[in-house]
Amino acid sequence: MDSPAVVAIVGAGPIGLELAVALKEAGVDHLHFDAAQIGSTISWYPVDMMFHSRADRLAIAGVPLQIPDQQKPKRGEYLAYLRAVVQQFDLRIRSYERVERIDRLPGGGFELTTRSAGGEQRYRVAAVVLAVGAMHAPRLLGIPGEDSPHVSHYFRDPHDSFGMRLLIVGGRNSAVEAAIRCQRAGADVTLSYRRSDFDPQKVKWWLLPEIRGMIADGRVRFLPSTVPCEIRGRSVLIESTAGETLRELTADAVLILTGYRQDPTLFEQAGVDMQGEARQPVYDPATMETNVPGLFVAGTAIAGTPAGKVSVIVETCHVHVPRIVAALTGRRAEALSPGAEDD
């Protein structure tokens, strides 16, 4: 059992890091965990992906985010920025230490069980902030062959598709950007989308004219109102959304970009109420505290797994940080002191 601390932050994405800076500046002792590296979700975004938000809206902890070409930040630029923030404020992040369990203690506070290369550890804290994000695993289609080696749910680098007959499934930002960039990189691209057309509210505005142009002049084949029903060795069965099998399409590789879901395990273990189809954690917007006293939620984790458009993004979550810090520092000192029990 490690020495107790006041607060544990779980998740080292942008809002988790911004909260760590604020707690440090407020003199609140804390531990900070991430199952992977800082900004881990951003790290599996496509190479050179450009954010939708402006640089000033992605900046955290009062540190300006300057971009060389004065455009919106790209994946690599933002990851470098996050590393610089960690160095500037000398944050101590326990990277690659996964929080596996959160148990409430009878006298108040929590016990966290973690696992890293060094094995299992346990920590007792008075409060926990879950800043775990909302994208932990892909939404699966549940069709035969989806787990084949040539199928991926993550678009990494368009170079990988060079010279390939590539089927992309989806019609929002990720799928449209993948279709454009892979075609530019020399892939033979087919795009299957369950809807009849793209929704301008769900695709970055600068991508729509280009994908429509590529479809119009035949550089990208577009199969609207279709879904794959079976993935075979080098082909995919495509059917209409009405359930009628249309064709067997040759494909060397398949990218299924149909969104991601949150893993609610830690919320459920701690007893947080979850509501609606999205399974959003219940919390007080004024303090970000859930129905479990001492357990807070921050960042995009508040969204659960949204069924429609993703509306909770980094730039809408900065306000969570001062609310949590105020809630913690506004309590009596003894209420913030970890319990005396120890192993």
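**Entry 1: β3, β4 and β5**

I began with strand β3 (residues 98-104), which pairs with β4 in the antiparallel sense over six bridges. I note here that the model is a predicted one. For a single bridge between these strands I looked up D103, and its partner in β4 is E111. I then followed the chain from β3 into β4 and recorded a hairpin with five residues between the strands. In that turn, G108 has a positive phi of about 105 degrees.

Next I went on to the other partner of β4. Strand β5 (residues 119-130) pairs with β4 in the antiparallel sense over seven bridges. I found R115 opposite E120 in β5. The connection from β4 to β5 is a hairpin through two residues.

I also checked how far strand β4 (residues 110-116) is covered. Five of its seven residues are buried, and I entered the strand as mostly covered.

**Entry 2: α1 against α4**

I turned to helix α1 (residues 14-25) and helix α4 (residues 75-88), whose axes come within 11 Å and cross at roughly 20 degrees. Because that angle is under 35 degrees, I recorded α1 as roughly parallel to α4. The crossing of α1 past α4 is left-handed.

I listed the residues that make the contact: P14, L17 and V21 on the α1 side, and Y78, L82, V85 and V86 on the α4 side. Sorted by type, the residues of this contact comprise seven nonpolar, no polar and no charged.

**Entry 3: α1 against α8**

I kept α1 in view and looked up its packing with helix α8 (residues 320-329). The two helices pack at an angle of about 40 degrees, and their axes are 9 Å apart. I therefore entered α1 as oblique to α8. This crossing is right-handed.

From α1, the residues I15, E18, L19, A22 and L23 meet V321, I324, V325 and L328 of α8. I sorted the residues of this contact into eight nonpolar, no polar and one charged.

**Entry 4: α5, C182 and α6**

I selected C182, which lies in helix α5 (residues 173-184). Is C182 buried or exposed? I counted C182 as buried, because its relative accessibility is 1% and the cut-off for buried is under 20%.

I then asked which residues C182 touches, leaving aside its neighbours within four places in sequence. The contacts of C182 on that basis are F155, P158, S161, L166, A187 and V189. As a separate distance check I took I60, which is 122 residues from C182 along the chain. I recorded 32 Å between the C-alpha atoms of C182 and I60.

For α5 as a whole I examined the packing with helix α6 (residues 208-216). The axes of α5 and α6 come within 10 Å and cross at roughly 55 degrees. I therefore recorded α5 as oblique to α6. The crossing of α5 and α6 is left-handed.

On the α5 side I noted V176, A179, I180, Q183 and R184, and on the α6 side E210, I211 and M214. The residues of this contact divide into five nonpolar, one polar and two charged.

**Entry 5: the five-stranded parallel sheet**

I traced an open sheet of five strands in the order β7-β14-β8-β9-β10, with parallel pairing. Its edge strands are β7 (151-152) and β10 (220-224), each of which pairs on one side only.

Within this sheet I looked more closely at strand β8 (residues 165-169) and strand β14 (residues 253-256). They pair in the parallel sense over four bridges. I looked up L167, and its bridge partner in β14 is V254.

**Entry 6: the three-stranded antiparallel sheet**

I closed with an open sheet of three strands, which has the order β11-β12-β13 and antiparallel pairing. I identified β11 (226-231) and β13 (245-250) as its edge strands, each pairing on one side only. Neighbouring strands of this sheet are turned against each other by 30 degrees on average, direction ignored.

For strand β12 (residues 235-240) I recorded antiparallel pairing with β13 over five bridges. The bridge partner of L237 in β13 is E248.

Terms used. Residues numbered from 1 in each chain as written. Predicted model: local features only at pLDDT ≥ 70, side-chain atom pairs only at ≥ 80, totals over all residues. Heavy atoms only, no water. Pairing = 2+ DSSP bridges. Axes fitted to C-alpha atoms, helices over the stretch in contact; angles between N-to-C directions. Parallel < 35°, antiparallel > 145°, perpendicular 65-115°, else oblique. Left-handed = near helix turned anticlockwise from the far one by under 90°. Contact = heavy atoms within 4.5 Å. Nonpolar A, V, L, I, M, F, W, Y, C, P; charged D, E, K, R; others polar. Buried < 20%, exposed > 50% of the residue type's maximum accessible area, 1.4 Å probe, protein only.
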